[in-house]
Amino acid sequence: MSASPALEAHALCKRYNDVVIVDHVDFAAEAGRITVIIGPNGAGKTTLFNCLSGVETIDAGNVRHRGDDVTGWSSDALSRRGLARTFQRSSVFPTLTVADNLCVCAENRTRRGIMRGVIGLSDPASRSSRQTVRRVLAELGLTALADVPAGRLPTGTLRIVEVGRALCANPDTLLLDEPASGLDDAETEKFHQLLHRLAGRDLAVVMVEHDLELVVDTADVVYVMAEGRIVVSGPPSEVLIRADVQTRLFGRPT
Amino acid sequence: MLMLELALAGLGIGAIAALAGLGLLVTYRLTGVFNLAFGAIAMSAAYLQWQAVRVWHWPVAVAAVVVLLVVCPLFGVLLERVVFRPLQRRAAAPAERLVASLGVFVVLLGVAVLVWGAQARLDAPSLVPYRQLPLPGGVQLPLSTAVDLAVILLVGVALVLGLRTRLGQRVRAVVEQRELAELQGLDANRVAALGWVIGCVLAGVAGILMAPTLRLEPYGLTLVMLETMAVVVVARLTSPFRAILAGLVIGVSQAELARVHPTGHAGPLFDTLTSNLFVVALLLALLIVHRFDETGSTDSGTTARLTSRGALTPIRGWWLVPALTLAAPLLFNAENRRLALAVPALAIVLVSIVVVSGYSGQISLGQAGFAGLGALFAARLAAGTMPGFGHVPGVAVLALAPLLVVPIGLLLGWPAIRRRGLFLALTTFAFSVAVSRFVFDQPSVTSGLTIRPPHAFGTDNNFYVLELLCLAGAFLLVRNLHNGRVGRALVAVRDDEPGALASGVDVRRLKLLVFAASAGLAALGGALLAMGSRAFDTSAFDPIRGLIWFAAVVVFGIDSAPGAVIGAGVLVALDAGLPEGSSILVIGVCAFLLGRMPGGLLHSVHRFIDHSLRRRGASVRDLVPIAGPRPARLTSAGRSVALMMQRRTAAR
Ligand SMILES: Nc1ncnc2c1ncn2[C@@H]1O[C@H](COP(=O)(O)OP(=O)(O)O)[C@@H](O)[C@H]1O
Ligand SMILES: [Mg+2]
């Protein structure tokens with residue numbers, strides 16, 4: 001195991017029009033672990049993800065990926081570096097087929113070869129990207145849907161497609177924003193197994209999740225976020241039974 | 001003394017611009033549609049006024065009342081009912097609404113050219129008789145300026161008061177959140193109709209006031225009116241007060257600067273800049289302001305919704321249609337073939353729009369600028385008067401001219417990286433207006449330029465073959481941009497930009513690439529267009545022409561290169577066979593109907609054939625496991641947490 005965590009944030013701050021949304025957040029996700037962020041709606045979880053993945057600029061603090069300072073890196077550069085993510089509101093490409101959705105991510109792991117395509121030469125890496133796509137499709141059970149335009153799929157399936165797309169980046173760190181919303185029970189169960197397989201491959205999985213059953217079943221570390229701050233973090237067995245956390249999450253202790 | 005009088009004259013123009021801008025702003029705030037047609041509405045009102053006064057000999061005041069208080073409001077209501085309400089009802093993307101307003105624009109323009117002809121008229125009736133009002137201190141105030149100022153004051157006060165009332169507050173709520181407002185019992189359709197009525201009336205007033213100070217001419221007057229949108233951009237589509245102020249300030253500065261004539265090299269440039277201050281302001285404002293305060297959803301989106309979503313099974317041999325369109329002229333007689341020379345050239349220009357707007361989803365209304373620059377560079381290269389180049393022979397011109405335009409495309413691609421939708425549309429349009437005003441309209445740049453086909457391709461037949469070769473080359477490039485890795489990445493950017501970024505797509509580089517390629521293609525098409533007509537005619541590359549081209553591309557399928565070829569054929573044929581303006585009218589009417597033919601004309605035909613002739617294979621539903629909504633489990637979640645913890649520990 002390397003000394004530094006896969007993804008690490010220190011004193012991260014983000015404001016929108018002078019309203020502080022993310023407030024001095026310290027955060028670390030280790031390879032091979034499933035880290036879950038929970039918190040009420042509007043706590044700033046998605047915004048935190050956006051800051052970590054380069055979608056939003058950061059007002060203060062820094063982000064480290066595999067020990068290197070990547071503060072201010074753009075989202076596409078981070079993706080090519082191995083920090084992949086999904087969005088809370090699905091961001092698959094509706095006019096592309098499922099396979100092509102994955103392919104976009106697989107073949108843009110490097111920027112080389114774009115100009116070759118413009119002048120009509122074939123992409124040297126296209127074989128390996130197609131292999132990646134095929135492997136991921138099979139792993140997620142999407143092979144039968146490979147040639148269907150993504151725009152025709154139901155939301156639950158789109159979530160899986162989006163996870164698949166992120167996996168095609170060959171990431172070492174995976175940020176999933178509410179990946180299980182819209183999945184039915186059987187799909188959730190399969191998804192749960194997938195998460196463990198990924199963690200077993202030494203991926204750092206970071207996930208925002210509302211479904212407490214899934215959290216309890218999967219999380220190695222839980223961060224509780226409220227009003228832009230990390231209230232408490234630790235193993236779920238310690239964190240989730242705390243009365244103050246339950247107040248935050250459900251309004252009153254039980 | 002002179003300074004004061006100039007300022008007063010400038011105030012007049014400024015007030016008219018402010019009026020037009022206010023109309024645009026109010027329509028936008030009340031309907032969420034940036035009404036590109038407002039320039040054409042102003043122009044049409046001016047023509048109607050002319051018709052009533054000069055042809056039917058109505059008294060000026062009666063004509064004005066009928067045009068402004070009857071025709072314009074009715075037209076506004078009609079627009080809302082027929083064009084925009086259906087779009088609103090099916091929650092059309094902002095890009096679709098922009099294109100619909102472009103359709104209205106093109107229809108009005110076509111009607112004007114068809115009915116009144118494209119030639120200029122100098123006798124636009126003035127609303128008020130020419131009279132000077134003496135002011136203290138010996139200054140003379142023209143009565144017309146006084147009226148302009150009075151009108152803008154009146155409208156401004158009415159607006160401010162209107163927004164203060166309770167009704168005004170609730171009306172603003174409609175714009176921000178339509179559903180919410182409907183819950184409050186406010187009829188959003190009525191509010192939208194109000195927005196269209198106010199917008200049309202103000203556009204009409206501005207047009208009727210502006211026409212006497214200029215010539216009455218369909219393209220020219222429309223363009224001048226469109227330039228006044230500088231006022232709205234400066235106001236960031238929000239503040240009416242700022243719009244009025246901007247109009248007046250630009251008007252006065254323009255009048256005052258007209259007095260200064262610096263000598264030397266910079267002289268002519270300075271004169272051009274000052275006499276086109278609205279264009280300068282528009283360009284600067286678009287470069288400085290990054291984002292509008294847009295209504296509704298924050299992302300005015302791309303053209304993704306205009307494309308043929310979800311592929312249909314291709315009809316075998318359908319490519320024969322564009323191929324035959326292109327082959328037919330080889331069999332024409334000499335006269336018709338000369339006319340047909342425009343088809344491949346125009347097809348290349350239209351394909352350049354397909355590349356940038358169809359494949360990658362960036363609305364570009366500025367292709368006329370690139371096409372014109374291509375023609376200009378080709379003419380000067382061939383004549384040996386391009387600075388820095390000697391005499392360039394024959395066909396090499398066709399390679400070099402587009403290459404010279406590519407860097408300019410890169411330059412425009414730069415702002416496009418951070419701009420999308422409406423904002424990008426306006427920026428590209430402003431670019432084409434600026435090129436037209438500051439390059440094409442300069443006698444020192446364009447006068448006396450001749451251009452003809454390269455020597456070896458002198459006959460019409462040979463030149464046509466050369467054009468086909470160029471088109472084939474263009475299609476090769478386009479194919480590379482549409483297929484494979486680049487094509488997928490472009491569609492990804494078009495469909496979902498954050499998603500594309502998250503997938504590692506270098507969006508910045510891709511956009512630059514696409515703008516550069518598209519600029520080069522447009523330049524090639526423009527050069528061929530000019531060679532075919534054997535003249536560098538600046539009116540062929542008027543910014544308005546760019547808008548019509550864009551509408552045509554949307555109609556024939558924004559992401560279909562073969563569609564662009566068919567579109568070029570149809571446009572040229574209509575122009576050759578029917579009175580001037582008919583082709584514009586046809587495009588406009590089709591753009592109108594786009595709401596009912598998503599994906600464009602050809603795609604709709606295709607879908608129709610598909611549905612009537614074929615049976616679908618396995619439907620998607622059969623393949624997808626049915627995903628029902630999941631029961632909420634959060635209600636008792638707090639209590640069950642401890643339980644689940646125990647279960648988990650036990651399981652390990
Ligand atoms: N682009 C934005 N501009 C202004 N406020 C925003 C923006 N994005 C999110 N917010 C605000 O930030 C807060 C946190 O949002 P979000 O991160 O989506 O919360 P969560 O994902 O925890 O539900 C919300 O109050 C939201 O209104
Ligand atoms: Mg969220």
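**Exercise 1: a bridge across the chain**

B:Arg534 is partly exposed, with a relative accessible area of 23%; find the acidic partner of B:Arg534 and say which parts the pair joins.

*Before you start.* This is a predicted model, where local features need pLDDT of at least 70 and side-chain atom pairs pLDDT 80 or more, while totals for chains, interfaces and linings use all residues. Residues count from 1 along each chain as its sequence is written, chains are lettered from A and ligands numbered from 1 in the order written, and side-chain values use heavy atoms, without hydrogens or water.

*Solution.*
- Step 1: Fix the exposure scale: buried is under 20% relative accessible area, exposed is over 50%, and partly exposed is in between (1.4 Å probe, protein chains only).
- Step 2: Look for a salt bridge, meaning a side-chain nitrogen of Lys or Arg within 4 Å of a carboxyl oxygen of Asp or Glu.
- Step 3: The partner is B:Asp460, with the closest N and O atoms 3.8 Å apart.
- Step 4: B:Asp460 sits in helix H21 (residues 460–482) of chain B and B:Arg534 in the loop between helix H24 (507–533) and helix H25 (543–555) of chain B, so the pair ties together parts 74 residues apart in sequence. Helices (H or I, at least four residues) and strands (E, at least two) are DSSP runs, numbered from the N terminus.
- Step 5: At 13% relative accessible area, B:Asp460 is buried.

**Exercise 2: two more pairs**

Sort out where the residues of the pairs A:Asp76–A:Arg80 and B:Arg494–B:Asp559 sit.

*Solution.*
- Step 1: A:Asp76 and A:Arg80 meet in a salt bridge at 3.3 Å, N to O.
- Step 2: Both lie in helix H2 (residues 75–81) of chain A, four residues apart, about one turn of the helix. An α-helix has 3.6 residues a turn, so residues three or four places apart point the same way.
- Step 3: A:Asp76 counts as buried, at 5% relative accessibility.
- Step 4: For B:Arg494 and B:Asp559, the N to O distance in the salt bridge is 3.7 Å.
- Step 5: B:Arg494 is in helix H22 (residues 484–495) of chain B and B:Asp559 in the loop between H25 and helix H26 (561–577) of chain B, 65 residues apart, so to speak a long-distance link.
- Step 6: B:Arg494 and B:Asp559 are both buried.
- Step 7: For the big picture, the whole structure has 21 salt bridges over all chains.

**Exercise 3: the sheet in chain A**

In which order do the six strands run, and which helices pack on the sheet?

*Solution.*
- Step 1: The open sheet of chain A reads E6-E7-E8-E3-E9-E10, with mixed pairing. Two strands pair if DSSP finds at least two bridges between them.
- Step 2: Strands E6 (83–85) and E10 (229–234) of chain A are the edges, each pairing on one side only.
- Step 3: E6(A) and strand E7 (residues 173–177) of chain A pair in the parallel sense over three bridges.
- Step 4: Helix H1 (residues 45–52) of chain A packs on the sheet, and its direction makes about 150° with that of E7(A).
- Step 5: Helix H6 (residues 155–167) of chain A packs there too, touching E6 and E7 of chain A, at about 160° to E7(A). Contact means heavy atoms within 4.5 Å; axes are lines fitted to C-alpha atoms, for helices over the stretch in contact, with angles from 0 to 180 degrees between N-to-C directions.
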